[in-house]
Amino acid sequence: MCYKIKLIHFFKRRFEQDQQTKASEPKGMAILNLGENIKINPDIVNKACSLAVGAHNSADKPYILQNIRGSPDLVIFGFPGNWSVNDWYAGESFGETKINLELFPSLRSIGIDEHAKVNKAFLQRFDDKVLTNSDFKNKVQKAVTERKQILFTGHSTGGSIANLATIWFLEKYLRSDNYKISPSSPLCVTFGCPLTGNHIFSHALRRENWARYFINFVMRYDIVPRILLAPVSSILLEFQRVLQFLNEKSINLAHASINSFDASNFYMKVMKNASSVASHAACNLMGNTNLLLETVTNFIPLSPYKPFGTYVLCTGNGKLIILRNPDAVLQLLFYSSQLCKEEECTDVAQRTLQQHFGYESELQDSFQMLNEVYLEPLEQLPLSAESTSDIAIINAALNDLGLSTRARLCLRAAGELEKRKIGNKDSIDLKKTDIEKAMKYLLEDYQLNCGYRGLGCYDAFKLQESSKDFDANVKRLELAGIWDEIVEFLKRYELPDAFEGQSDWIDLGTRYRRLVEPLDIANYYRHLKNEDTGAYMDRGRPKRYKFTQRWFENAKRMPAGSSWESCFWAKVEELRIKTSNAGGFAQVKVKEEVLKLEEQVQKWIKGGELGKDVFLEKSTFMKWWNTLPEEHKSKSCIKNVKDS
Amino acid sequence: MGTEASSFETSEMLATFLASTPLLSESWRLCNISNTSTPRGFLVEQIGDVGYIAFSGNQTVGNSEPSCRNLVPLMESDGNALFIPLHRLNEGEEPVMVHAGLLQLFLSMHISASFQNQMLALMEKSRPIVITGHSLGGTVATLCTLWLLSYFQSVSSPVQVLCITFGSPMLGNESLSKAVLRERWGGNFCNVVSKHDIMPRMLFAPQASFTQLHFLLQYWHLSMNCPRFGMLAQLHDEDKADLFRLVLCHLEVIAQAGEEVAKSLFWPLGSYLFCSEEGAICVDNAVSVIKMMHLLLMTGSPYSCVEDHLKYGDYVEKVSLQYLNQGSFMQADIPESSYESGVAISLQSLGIYSQETVAKPVKDCLKTARRMGLRPNLNAAKLAVSLAKINPYRAQIEWYKASCDESDDHMGYYDCFKLRDNSKKGAKVNLNRHKLASFWNNVIKMLDNNELPYDFNRRAKWVNTSQFYKLLVEPLDIAEYYRTGMHHVKGHYLKQGRERRYEIFDRWWRERKVSVDENNKRSKLASLTQDSCFWARVEEAREWLDNIRSESDPRNLALLWENIDAFEKYARKLVDNKEVSRDVLLKNSSYNLWVEEWSKLKSQLKKCSLQFPDYVNGKVVP
């Protein structure tokens with residue numbers, strides 16, 4: 001079995017690497033290696049955990065802070081949790097809301113332009129209590145100025161606040177390159193933290209390569225990370241009492257108890273909803289095509305939340321199981337708290353609540369052994385609980401989490417999906433040469449030929465007088481085919497999350513857009529499609545250009561819609577229609593638009609986004625511009641640019 | 001493609017998902033109440049946002065028992081036009097037929113005031129609606145769902161409908177099942193069928209003995225009311241054995257025929273959730289459903305096939321509670337491949353051991369179902385790629401049109417193509433025309449064979465591309481038709497020569513979603529004539545004009561006159577609205593020549609207006 005050999009090889013290598021990294025660390029100081037260049041000293045995790053749990057005693061404060069000497073110094077910000085239903089679910093069934101893009105501009109998917117969703121109660125608390133009404137910003141600024149390492153932490157809902165604080169920090173300091181001191185700073189370490197955002201939230205963090213800063217410790221049975229998989233309506237009855245219990249427990253560990261009837265009901269209801277979410281997600285991961293799947297989701301609202309970051313699952317016997325794939329984590333959250341036997345129910349139900357307060361002692365035990373297991377590669381996990389020797393470590397870990405064959409298949413499916421996404425990316429990477437070749441033709445041969453005819457590409461293409469124009473049209477269609485395929489992939493989230501942030505494709509997309517979109521516009525106005533469907537900008541612009549423009553604007557931190565130079569000709573065509581209509585240029589609004597365009601043209605010519613061929617005598621632009629009133633032309637900035 | 005190695009069997013996962021929702025258990029609870037408390041009727045209840053309507057399984061089917069297998073065409077029996085979308089059919093297809101007795105049952109319920117009022121109230125309150133029923137009640141629920149889906153489609157309502165039946169007999173023929181898929185309603189039907197229940201399989205057998213069935217129904221109805229009552233109408237063991245053998249034997253014949261020959265009158269519709277003591281799986285491919293029905297019945301007995309019809313409560317409860325447990329694996333060695341172990345889980349959920357003889361055919365059946373499920377999306381993706389490849393051919397025709405429209409003979413591409421010599425240019429365009437035609441014919445063929453996604457003809461990309469193709473190329477097809485004199489052989493293009501694909505594209509275009517106002521005034525001529533049959537109409541008008549000169553019978557003359565008049569109005573309207581492309585108005589285009597000739601004739605007629613005073617104003621008084 002070739003794959004088994006590969007697998008042995010893989011684990012051996014991984015083991016050797018781990019040994020090496022451990023050996024290279026100073027003696028006596030074990031390091032928790034989370035992969036992706038994130039390493040953390042267990043002492044710090046312990047300290048963060050105490051601070052996070054201790055923060056509950058200062059529930060009225062927005063956060064607490066601890067300085068730790070070291071090289072460099074470390075500041076830990078800890079956020080307390082909250083224990084009323086409204087602190088979890090604000091309003092609607094899952095309490096989610098659209099993200100505030102002014103605060104978190106990156107939390108969206110770029111091409112599709114869909115905003116992430118986040119738990120409303122958590123967002124409000126962070127915004128009101130931490131950001132607006134405390135000295136949090138100043139304290140963070142101080143730490144940054146002093147080049148200190150920064151760690152955000154929280155237990156329970158405090159963890160969700162820590163998540164948002166971290167993203168706010170990343171947006172503010174990392175995106176603007178104001179703070180780069182170590183690959184492990186800032187960090188966000190949470191303990192038993194509820195889910196915070198939806199799939200776009202998770203997607204965006206992975207695209208920005210920020211998911212690595214988030215480390216979530218979760219005890220195998222802890223119910224809190226699973227609660228938001230259920231709509232509030234389904235659990236309301238027991239949730240009050242569970243929260244009361246958690247609140248008492250947070251103040252005094254010893255003096256809290258909960259009716260086992262309530263605990264069992266709560267556990268069963270949360271699990272039933274978690275089962276719906278997990279099996280629905282699994283059907284999609286596994287490529288189920290039955291239309292029933294879609295219909296049923298209209299009847300049963302499913303939780304929108306999705307994990308992100310690195311998850312460290314504590315098995316309860318000292319093992320730390322590490323995985324990063326958000327789809328896999330979601331499956332694991334459900335399957336790892338299933339029952340082994342029905343009789344366990346009451347017992348497990350109690351444990352799901354007790355374990356929420358077991359992090360400190362569990363982690364101290366685990367760190368003594370430092371027995372980490374990486375669940376990778378997911379698509380090759382063993383399916384049977386009966387261990388075969390070569391993958392015994394992984395198999396033991398899966399058994400410790402109580403994962404059935406069904407559960408293991410779901411994890412594999414998550415791994416396969418990721419693999420497929422990478423395969424899709426590889427297949428379009430192969431088309432890069434085709435794209436470059438077609439673009440080269442348009443950029444060199446075609447442009448040259450148009451030049452001979454005293455025309456820019458736009459006008460030549462619009463006139464379609466030579467066979468070269470026909471060849472160019474074929475190239476345009478070829479390119480459109482490739483780019484439309486990419487857009488289709490993106491619409492179905494079938495490329496790796498990082499894709500829309502990758503500079504090579506952003507660059508290629510931008511060059512493509514500037515070169516070929518004018519031809520599409522020419523074609524559009526040549527066939528008078530504006531009269532069938534409306535102005536190009538409003539109704540006719542293909543997604544392949546909208547997407548690539550958004551990639552560019554996101555990468556360059558430009559305001560949305562500001563990089564529309566490739567639509568220049570569409571604007572000219574529309575203005576041409578407007579100025580030739582009754583009233584025309586005399587209308588204030590039209591005149592404003594003309595002035596604005598002229599100003600832009602000046603900028604674009606200087607920046608090289610627009611070629612000088614727009615000023616050719618026979619160009620649509622010049623022909624139109626020449627029809628403008630003399631008085632305007634003599635004062636226009638175009639006059640100088642054109643002649644220079 | 002290597003997808004096999006990394007693929008998954010999902011029929012069990014889908015069933016797990018369904019079972020984890022409250023839909024199955026709530027539906028069954030209401031069916032159960034309805035069986036005992038509203039015999040021959042239904043009950044309505046609102047649970048959360050979801051409205052439920054449950055039809056009692058305790059129904060009597062008019063004077064024709066369900067055994068009669070009496071199918072009637074839906075279109076003819078649908079006096080109140082309740083199922084209009086199901087009337088449309090593809091050519092060569094049998095009309096949609098449904099069970100006469102069951103249809104009658106629904107129709108009589110539908111006209112009752114109580115039904116109308118309660119449905120109205122339900123539709124007002126709830127966003128999504130579940131329609132459910134046990135036994136015969138489930139088939140009524142299916143008809144009710146078809147009616148509601150038709151109604152909601154006609155008023156463009158977004159309300160979602162889901163039909164959940166428990167152990168219900170088949171309702172209609174294969175055309176019904178296909179029509180449901182075509183309307184993209186396949187996902188709105190979930191039929192729960194227990195492993196051995198004979199009821200859903202009954203209609204696959206021709207006419208079972210009337211008395212047997214009568215007793216069987218009676219036994220079931222009494223048992224639904226109270227299990228003890230059932231004892232009063234117990235069937236003889238020999239009768240049960242006969243029935244079991246009869247159904248099994250007929251199912252076997254149908255199941256083995258496979259997809260090539262649909263020998264059964266009745267055909268499954270929507271998804272089937274097969275459940276056993278151990279779990280459930282969900283399958284939607286009709287052929288696989290029939291096979292599965294057969295294979296599972298093979299593991300049953302004359303006793304279980306009757307009793308299983310009454311056990312849905314137990315099954316539903318069991319699958320609804322499964323989510324809590326990890327579930328242990330019976331099979332000793334679990335296959336390493338994801339797909340094989342998924343299949344093993346499915347088999348276990350059906351309560352089939354790997355040693356059983358049916359294990360192998362069940363596995364094959366799941367495999368086929370999965371392959372059939374994946375095919376449409378794969379095909380659509382492949383088609384998109386081949387479309388990109390043939391696009392340049394279309395571009396060449398566009399190029400041809402542009403160069404003809406601008407050439408010095410002022411004929412336009414229609415006439416150029418029709419009168420073309422043996423030049424390379426014309427031959428090449430003709431070749432491209434053929435290539436495009438074969439591409440689109442293939443698309444239609446795949447659609448007819450259900451090899452494409454069910455909403456394929458609603459996807460903007462395909463609707464727009466096909467429309468553009470039609471506008472550009474159909475004129476060439478017309479030109480070729482008249483060039484080769486086909487109209488002498490077969491008759492005019494419009495009646496006899498038009499390819500089916502164009503009619504289908506017309507329909508796609510008509511049925512597309514149109515956003516905001518379409519009545520933008522054109523400032524210039526369209527780039528393509530908006531009626532792709534324009535030239536065919538011109539050809540007919542030319543013939544009329546020729547005939548008018550030689551015609552002497554005044555009645556025929558009047559008819560010709562009327563035709564010409566209508567054409568002239570039609571053409572003028574197109575031209576006035578600028579819905580024709582420039583080639584139509586070129587000096588030497590057939591249309592322009594016709595207009596000239598027509599006005600010449602008119603002025604001639606004017607001269608002799610004394611002779612024919614009535615013709616002058618285009619009015620005819622015979």
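The questions below concern the domains of chains A and B and one helix of chain B in this predicted model.

Me: How many residues of domain 2 of chain B are in contact with domain 1 of chain B?
Reply: Chain B is divided into domain 1, residues 7-326, and domain 2, residues 377-620, and the centres of these two domains, taken over C-alpha atoms, are separated by 48 Å. On the side of domain 1 of chain B that touches domain 2 of chain B, the residues divide into one nonpolar, two polar and three charged. Contact thus joins six residues of domain 1 of chain B to residues of domain 2 of chain B that number four.

Me: Which helices of chain B do the buried residues of α24(B) pack against?
Reply: Helix α24 of chain B, residues 590-607, has 18 residues and reaches 26 Å from its first C-alpha to its last, close to the 26 Å expected at 1.5 Å a residue. Within α24(B), Ser590(B), Tyr591(B) and Trp594(B) are buried, and because they cover an arc of only 90° around the axis, they are on the same side of α24(B). On the other side of α24(B), exposed residues include Glu596(B), Lys600(B) and Lys607(B). The packing partners of the buried residues of α24(B) in chain B are α16 (412-418), α22 (534-550) and α23 (554-576).

Me: How far apart do the C-alpha centres of domain 1 of chain A and domain 3 of chain A lie?
Reply: For chain A, the domain assignment gives domain 1 (2-423), domain 2 (433-563) and domain 3 (568-644). Between the C-alpha centres of domain 1 of chain A and domain 3 of chain A, the distance is 55 Å.

Notes:
Residues are numbered from 1 along each chain as its sequence is written. Chains are lettered from A and ligands numbered from 1 in the order in which they are written. This is a predicted model: local features need pLDDT of at least 70, side-chain atom pairs count only at pLDDT 80 or more; totals for chains, interfaces and linings use all residues. Helices (H or I, at least four residues) and strands (E, at least two) are DSSP runs, numbered from the N terminus. The expected span of a helix is 1.5 Å times one less than its number of residues. A residue is buried if 20 or more other C-beta atoms lie within 10 Å of its own, exposed if 12 or fewer, and partly exposed in between; C-beta atoms are placed from the backbone. The arc is that of the directions from the helix axis to the C-beta atoms. Two residues are in contact if their C-beta atoms, placed from the backbone, lie within 7 Å. Domain bounds come from an automatic or database domain assignment. Ala, Val, Leu, Ile, Met, Phe, Trp, Tyr, Cys and Pro count as nonpolar, Asp, Glu, Lys and Arg as charged, and the others, Gly among them, as polar.
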